[in-house]
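Reader: I've got a model open and I'd like to see how its labels are earned. Can you take me through them?

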Amino acid sequence: MDETIDPAARSGPGAPIRSGIPEHGRVPKYYAVKGELEALLDELGEGGVLPTERDLAARFAVARETLRQALRELLLQGRIRRRGRSTVVAGPKLEQPLSLASYTEGVRRQGRVPGRTLIGLERLGADPQLAGQLRIVSGEPVWHLERVLLADGERVGLESTYLAVGRVPALDVEFDPGSSLYAYLAEKADIGFGAADERIETVLATPREALLIGTPPALPMLLLHRLTRDTDGRPVERVRSLYRGDRFSFTTRLEAD
């Protein structure tokens, strides 16, 4: 397989580099194989099963380790996923809007079925940092709600939420942990959401998080920290949401002031 691509294929001086090809035109062999694999994925379509590593290595005339490096990149990008011992073509990433809409609403808008699995709901005393964020007294009781996020039954994230018990005292008996917390707060606690501060970063999951989500620890994750306020500006919740980087992207709309 030819490991180089002619730099003249670019559209002209100063043009953006296409397809990750450096200016000198020399492309690593694994990257060239990745391009061949991407064409194969397009042919197979979502859910299509890839040939074995042995067959693919023979098809592209490369060493198994070269092939594996290309497959690892496609796995991290979310183009493929493991299903038992097989590798299949993944569907498009879920696009979650950066808004005050709930996870449930965001997933449903894309024609997918949202779900959650309860890991735990416990009552704790707020530490000084959490108390300051929720504007309560240090040591005041808070709910800690932890759930695995699902889309069409697939585990795609992990959500950890803290709320003051004083605002939602019956959360442990009234709330269905498989449903939308935002819907419960609006309907049962008469809490309307007004604004939120949100920060996004990339991280690797801890061994516990990777086990709960069902991913390799080396898979990059998108971590969202959110502090939500009601329409009076009073803090409602502090949330830490971990999403699979291979299954999620986030969107927002920017407008000039």
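Author: Here is a short round of labels set against their definitions. It's a predicted model, where local features need pLDDT of at least 70, side-chain atom pairs count only at pLDDT 80 or more, and totals for chains, interfaces and linings use all residues. Residues are numbered from 1 along each chain as its sequence is written, and side-chain values use heavy atoms, with hydrogens and water left out.

Reader: What makes a stretch count as one of the 10 strands?

Author: A strand is a DSSP run of E with at least two residues, and a helix is a run of H or I with at least four, both numbered from the N terminus. On that basis the protein chain has eight helices and 10 strands.

Reader: Why is strand β6 called mostly covered?

Author: Buried means under 20% relative accessible area (1.4 Å probe, protein chains only). In β6, residues 154-164, 10 of the 11 residues are buried, so they fall under that cut-off. For the protein chain, 41% of its 257 residues count as buried.

Reader: How do you know that β5 and β6 pair?

Author: Pairing takes at least two bridges found by DSSP between two strands. β5 (residues 141-151) and β6 are joined by 10 and run antiparallel, so they pair. Arg147, for instance, has Glu159 in β6 as its bridge partner. The two strands form a hairpin with two residues between them, and Asp152 in the turn has a positive phi of about 55°.

Reader: And what makes β6 and β9 a pair?

Author: Seven bridges join β6 to β9 (residues 235-244), again antiparallel, so that pair qualifies too. Ser160 stands opposite Arg240 in β9.

How values were computed. Buried < 20%, exposed > 50% of the residue type's maximum accessible area, 1.4 Å probe, protein only.
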